[in-house]
Amino acid sequence: MSKTVVIFKRFERFWHWGQALLVLMLIVTGLELHDMIGLFGFEQSSHLHHIGGFIWTALVVLIFTWILTTGDWKQYVPDMKGIDGVLRFYLYGVFVGEAHPHHMTPQDKFNPLQRLAYLGVVFVVIPTQILTGLAFFFYPELRAAGIIEHIGIVAAIHTLCAYTVIAFLVVHLYLITLGETVSSHLKAMLTGKEKIKEK
């Protein structure tokens, strides 16, 4: 027996898709700034990258405010209970048609592996990416103030975080296809609703 419940509230869906668009723009313009693709030209890519970075920073402040004030931070607290079953599912069960061992609810959206991944990405990688981006943008002022002498290590960390975000995005896109149907998880993030099994 199953019922349809709201898993992702309206603001969660807004910041998810807003962040997705901003991150894609930052990836594309960042790759062009590294001369890996040619799309807008260096000057325009630099301009778009800066604008996207500042908008993303503002959005992340809103996201953190939401997470911390609604109690949603509890979703990111690591919980190893059932992690062996989730690992077995991703390494074997998914290939033989087994059901996912974690059943999503509004109070428990993420399985143990998701909790660890989102904890690292949301609370470590993204803030580091933003802070190094701001250091890049304000480097002349920071150097004049004697806070940063060389930008090389900042650039390396910023680039490492960018590739980590790209890797996360690739895995994320794959994992959303592992619902009851290929599109069910995507539909849940569009509508906010998900079918869950009643106990």
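1. Asp35 sits in the loop that joins H1 and H2, and in this predicted model its phi is near 60°, a positive value in a residue other than glycine. For context, most residues other than glycine have a negative phi. With a relative accessible area of 68%, Asp35 is exposed, since the cut-off for that word is over 50%.

2. The two helices on either side of that loop, H1 (residues 10–33) and H2 (residues 42–70), pack against each other. Two packed helices are described by the angle between their axes and the distance between the axes. For H1 and H2 the angle is about 150° and the axes are 9 Å apart. H1 and H2 are therefore roughly antiparallel to each other, because an angle over 145 degrees counts as such. The crossing of H1 and H2 is left-handed.

3. H1 also has H6 (residues 152–175) as a partner, their axes coming within 11 Å and crossing at roughly 130°. That angle makes H1 oblique to H6, and H1 passes H6 in a left-handed crossing. On the H1 side the residues that take part are His16, Val23, Leu24 and Ile27, and they meet Val165, Ile166, Leu169 and His172 in H6.

4. Thr29 is a residue of H1 worth a closer look. Its relative accessibility is 0%, so Thr29 counts as buried, the limit for that class being under 20%. Leaving aside residues up to four places away in sequence, Thr29 touches Phe40, Ser45, Leu48 and His49. The side chain of Thr29 also turns to the backbone: it reaches the backbone oxygen of Met25 at 2.8 Å, while the backbone oxygen of Leu26 lies 3.3 Å from a polar atom of the Thr29 side chain.

5. A second threonine, Thr69, can be read beside Thr29, and its place is in helix H2. The side chain of Thr69 reaches the backbone oxygen of Thr65 at 2.6 Å. Thr69 is exposed, with a relative accessible area of 63%, whereas Thr29 counts as buried at 0%.

6. Charged side chains deserve a separate point. Side chains of opposite charge can pair when their charged atoms come close. The count in this model comes to five salt bridges. One of them is formed by the side chains of Lys109 and Glu12, which meet at 2.4 Å from N to O. This pair links distant parts of the chain, Lys109 lying in the loop between helix H3 (83–91) and helix H4 (112–137) and Glu12 in helix H1, 97 residues apart. Both Lys109 and Glu12 are buried. Asp72 also belongs to this group, as Glu12, Asp72 and Lys109 are linked in a network of salt bridges.

7. Another salt bridge joins the side chains of Asp108 and Arg115, with a distance of 3.1 Å from N to O. The two partners fall into separate accessibility classes: Asp108 is partly exposed, with a relative accessible area of 28%, while Arg115, at 9% relative accessibility, counts as buried. The 20% limit for buried residues explains why, as the value for Asp108 is not under it and the value for Arg115 is.

8. Arg143 and Glu149 form a further salt bridge, their closest N and O atoms being 3.9 Å apart. Arg143 is partly exposed, its relative accessible area being 42%, and Glu149 is partly exposed as well, with 46%. A reader checking this pair against the model may wish to note that the cut-off for a salt bridge is 4 Å, and that the distance given for Arg143 and Glu149 is 3.9 Å.

9. The overall picture comes last. The protein chain holds seven helices and two strands, and from the N terminus on its elements run β-α-α-α-α-α-α-α-β. Taken along the principal axes, the C-alpha atoms fill a box of roughly 65 × 35 × 30 Å. Of the 199 residues in the protein chain, 32% are buried. Where contacts between residues at least 6 apart in sequence are considered, 68% of them join residues at least 24 apart.

Notes: Residues are numbered from 1 along each chain as its sequence is written. This is a predicted model: local features need pLDDT of at least 70, side-chain atom pairs count only at pLDDT 80 or more; totals for chains, interfaces and linings use all residues. Side-chain values use heavy atoms; hydrogens and water are left out. Helices (H or I, at least four residues) and strands (E, at least two) are DSSP runs, numbered from the N terminus. Buried means under 20% relative accessible area, exposed over 50%, partly exposed in between (1.4 Å probe, protein chains only). A polar contact is a pair of N or O atoms within 3.5 Å; within protein, one must be able to donate a hydrogen and the other to accept it, and residues adjacent in sequence count only if both atoms are side-chain atoms. Contact means heavy atoms within 4.5 Å. Axes are lines fitted to C-alpha atoms, for helices over the stretch in contact, and angles run from 0 to 180 degrees between N-to-C directions. Angles under 35 degrees count as roughly parallel, over 145 as roughly antiparallel, 65 to 115 as roughly perpendicular and the rest as oblique. A crossing is left-handed if the near helix is turned anticlockwise from the far one by less than a right angle, and right-handed if clockwise.
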